[in-house]
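Let's practise reading salt bridges together. Have a look at the model below, then work through the exercises one step at a time.

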Amino acid sequence: MSVKLTGRIASTPSRLLHDEVLEPQFKYERDHLLPGYIQIEFAMLLEYVRMGLITRRDALHIAKALQAATHDTVAPDPGRNMSDISFALERHIEGLLPGPVPCWHMDRSRNDVQACAQVMFGRAQWLETTGELGQLIQSMHTLAVQYRSVPMPGYTHYQSAQMITPGFYLSSINGEFLQAMNRWIQIYDEMNQCPLGAGAMAGVELPWNRQRLSKLLGFRQPRTNALSAVASREWVLRIAGELSTFSVLVSRFVTDLIQWGSSEMNFLQLPDELSGISSAMPQKKNYPILERIRGKSAHLPAFYMDMLLGQRNTAFTNLVETSKEAGTHLLTLFQQTKTLLRLLKAVIDHLQFNEERLLSICRRDFFGGFTLANLLTLEHEIPYRTAQVIAGRYIVRALEHGVSPEPGDPRLLNEACAEAGFQVPDTAALLAASFDVQGGLYAKKSTGSTNPEEVQQMLTAQRELAEELQLEWQDRQGQLQAIEERRERVMKRFLSGKQGKDVSVDAV
């Protein structure tokens, strides 16, 4: 059977190629990219009118046919459209026209159209994902404020080390989330460049107004180089790489939550609706949602490597391998990330710290040893390394004698000081100042410390940054929505047959 789409080959795609490759690709693009293709067709139609290559009457017929194109009317067909979404859309529209329109689709390539539709899809998904992160940041801030003054043990090398607060810990994680959101918005701005007008790889021959095309489709500017417009899918790697890095932070954060939720530590709890049970051990209450989140975070680096390897060792030009195969799992990457963010937000919205349990460990462990060494040096002029030895000896002996940090045993501290050649008066007051739990939280004076007042300042700054980033996100979301609404108005005006000064110019 001859192929009317080309004079180069005489056969339609084989059944194997159609079933295994072309049809699945077609259905994916029809399900997720078809609105972009239709918007691109309409924008380019206005340019044909502006250049005087298509009459307004013919353009009106094409526009009405475009409006009638839906998921149900565009189907893969090896014989009719080679199971290609662009050819299918073209054939669908041609079938609805009263006669041929010679100049329609001249001086064009599927390469830049496909690249444009992919970026339009990707930027919408990326904005949604960034919005989910913004919601998580708000929940993290609320929880951090609630627990900014509650003492809890902090750990280094998996050993209890210093006293912190849940608010301090959460502010640290949220600060990382805010940095990520800032980068995500920057990635959006960088990817939001229009490939149309690049043609197959070297540009086109008609005087297309790329600025108008770009603006009508909601891009900030045209892609400056024609080859890069169709060859580069760096934006896919930027997104996947950023999410891969983000997954590491999420995994480390959730690892802490998993440990803190264990029956041994019992630092936190989640409500029953976010918990699980054991079918064999009725005494257990599990938190599989945390394992789900950490498990899903592992998928993101895998998708990144898949996309990275899909582009590696490919020529820098338009290739199916780069433009399609290397992006096979892009939608799944977005879906997994959004699910991960929603699950984590649900955890944060319902998480409660067991304050009494946290306080009991702070009272049990000798977190004031650091303070004791500092005070021995500051108040009694004992060389600092010697002061460290004295504090260490005191703690060891206190543990051996079963002495708690509060009130401690002044006699044991006197002995440790004397062994080092120092006489220290009023060791009871020294111990009280060193191992006071509430006082210990406020002992830190440096900016960014666990001091609740410092934590509050950090949280205030984070809230202000979050509000700024939220406005940035809303601005970009609003721009896309405004473009959608404007394009709808332009199409309606065009379909109504109203003559404006120049609809293609007034459209933007």
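**Warm-up: one arginine**

Arg183 is partly exposed, with 31% relative accessible area; partly exposed lies between buried (under 20%) and exposed (over 50%), using a 1.4 Å probe and protein chains only. This is a predicted model, in which local features need pLDDT of at least 70, side-chain atom pairs count only at pLDDT 80 or more, and totals for chains, interfaces and linings use all residues. Residues are numbered from 1 along each chain as its sequence is written, and side-chain values use heavy atoms, leaving out hydrogens and water.

**Exercise 1.** Find the salt bridge that joins Arg183 and Glu242, and place both residues.

*Solution.*
- Step 1: The N to O distance between the two side chains is 2.9 Å; a salt bridge needs a side-chain nitrogen of Lys or Arg within 4 Å of a carboxyl oxygen of Asp or Glu.
- Step 2: Arg183 sits in helix H7 (residues 166–191) and Glu242 in helix H10 (residues 234–260), so the pair ties together parts 59 residues apart in sequence. Helices are DSSP runs (H or I, at least four residues), numbered from the N terminus.
- Step 3: Glu242 is buried, at 10% relative accessible area.

**Exercise 2.** Where do Glu415 and Arg411 lie?

*Solution.*
- Step 1: Both belong to helix H17 (residues 410–419), four residues apart, about one turn of the helix.
- Step 2: Their closest N and O atoms are 3.0 Å apart, forming a salt bridge.
- Step 3: Glu415 is partly exposed at 32%, and Arg411 is partly exposed at 44%.

**Exercise 3.** How many salt bridges does the structure hold?

*Solution.* The structure holds 23.

How values were computed:
Helix = DSSP H or I, 4+ residues; strand = E, 2+ residues; numbered from the N terminus.
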